[in-house]
Amino acid sequence: QVQLVESGGGLVQAGGSLRLSCVASGRPISKNTMAWYRQAPGKQRELVAISRATGGTNYEESVKGRFTIARDNAKNTVSLQMTNLKPEDTATYFCNFFPAAREPYWGQGTQVTVSS
């Protein structure tokens with residue numbers, strides 16, 4: 001069974017930074033594209049960033065230049081370094097294999113709240 005555990009969220013002021021971490025177990029990430037998603041209350045889950053096994057990355061337009069996704073295959077972890085946070089970044093953040101629509105398991109997520 002795949003398990004995904006996200007951590008690192010918190011309450012920060014606009015302009016602040018957070019580093020989120022995701023530990024996957026039960027399935028290696030080394031050969032897979034990994035992703036961070038977020039979901040705000042009343043909104044659909046949206047894709048934030050992906051990290052390809054070959055090293056490439058892609059970001060949702062609103063976070064380009066502010067967020068950085070990275071992986072550590074040896075530790076089976078994926079991180080999301082978030083800088084210059086804005087109130088609109090407030091959401092619960094999840095990691096998963098990509099595309100997540102094909103995945104049956106989700107973690108609990110980690111809450112990010114950005115105050116103005």
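This is a walk through the strands, loops and largest pocket of a predicted model.

Start with the open sheet. Four strands build it, in the order E1-E3-E8-E7, and they pair antiparallel. Strand E1 covers residues 3–7 and strand E7 covers residues 67–72. Both stand at the edges with a single partner strand each, so one side of each has no neighbour in the sheet. From one strand to the next, the twist averages 15°.

Now take the pairings inside this sheet. Strand E3 spans residues 18–25 and strand E8 spans residues 77–82. Six bridges join E3 to E8, and the two run antiparallel. One of the paired positions puts valine 23 with threonine 77 of E8. On the other side of the pairing list, E7 and E8 are also antiparallel, over six bridges. Here threonine 68 stands opposite glutamine 81 in E8.

Threonine 77 deserves a stop. This residue belongs to strand E8. Is threonine 77 buried or exposed? Its relative accessibility is 16%, and the cut-off for buried is under 20%, so threonine 77 counts as buried. Beyond residues up to four places away in sequence, threonine 77 touches Cys22, Val23, Ile29, Ala70, Arg71 and Asp72. Val23 in that list is also the bridge partner of threonine 77.

Move next to isoleucine 69, in strand E7. Its relative accessible area is 5%, so isoleucine 69 is buried. Which residues does isoleucine 69 contact, leaving aside neighbours within four places in sequence? They are Met34, Ala35, Trp36, Ala49, Ile50, Ser51, Thr57, Tyr59, Val78, Ser79 and Leu80. Lysine 43 is another matter: 26 residues separate it from isoleucine 69 in sequence, and 23 Å separate their C-alpha atoms in space.

The loop between E7 and E8 comes next. The hairpin of E7 and E8 has four residues between the strands. Asparagine 76 lies in this loop. What is unusual about the backbone of asparagine 76, given that it is not a glycine? Its phi is positive, about 55°. Asparagine 76 also counts as buried, because its relative accessibility is 14%. Alanine 74 sits in the loop between E7 and E8 too. With a relative accessible area of 78%, however, alanine 74 is exposed. The C-alpha atoms of alanine 74 and glycine 9 are 23 Å apart in space, and the two residues are 65 apart in sequence.

A second asparagine has a positive phi. Asparagine 84 is in the loop between E8 and E9. Its phi is near 45°, again in a residue other than glycine. Asparagine 84 is partly exposed, with 42% relative accessible area.

Past that loop, follow the chain into E9 and E10. Strand E9 runs over residues 91–97 and strand E10 over residues 110–115. The loop between them holds proline 99. The peptide bond from phenylalanine 98 to proline 99 is cis, with omega near 0°. E9 and E10 pair in the antiparallel sense, over three bridges. Among the partners, tyrosine 93 goes with threonine 110 of E10.

E10 also pairs with strand E2, residues 10–13. This pairing is parallel and has four bridges. Valine 12 has valine 114 of E10 as its bridge partner.

Which residues of E10 are on its covered face, and which on its uncovered one? Thr110, Val112 and Val114 make up the covered face. Gln111, Thr113 and Ser115 make up the uncovered one. Why do the two sets interleave along the strand? In a regular strand, side chains alternate between the two faces of the sheet. Two of the covered residues have appeared above: Thr110 as the partner of tyrosine 93, and Val114 as the partner of valine 12.

Finish at the largest pocket. It holds about 220 Å³ of space. Its lining has 13 residues, and the closest to the centre are Arg38, Ala40, Lys43, Glu46 and Glu88. Which classes make up the lining? There are seven charged, four polar and two nonpolar residues. Lys43 links back to the sheet: this is the lysine whose C-alpha is 23 Å from that of isoleucine 69.

Note on methods:
Residues are numbered from 1 along each chain as its sequence is written. This is a predicted model: local features need pLDDT of at least 70, side-chain atom pairs count only at pLDDT 80 or more; totals for chains, interfaces and linings use all residues. Side-chain values use heavy atoms; hydrogens and water are left out. On a 1 Å grid over the protein atoms alone, a cavity is a set of points where a 1.4 Å probe fits but cannot get out, and a pocket is an open set with protein on both sides within 12 Å along at least five of seven lines; lining residues have an atom within 4 Å of a point. Grid points are joined across faces, edges and corners, and a volume is the space filled by probe spheres set on the points. Ala, Val, Leu, Ile, Met, Phe, Trp, Tyr, Cys and Pro count as nonpolar, Asp, Glu, Lys and Arg as charged, and the others, Gly among them, as polar. Two strands pair if DSSP finds at least two bridges between them. Axes are lines fitted to C-alpha atoms, for helices over the stretch in contact, and angles run from 0 to 180 degrees between N-to-C directions. Buried means under 20% relative accessible area, exposed over 50%, partly exposed in between (1.4 Å probe, protein chains only). Contact means heavy atoms within 4.5 Å.
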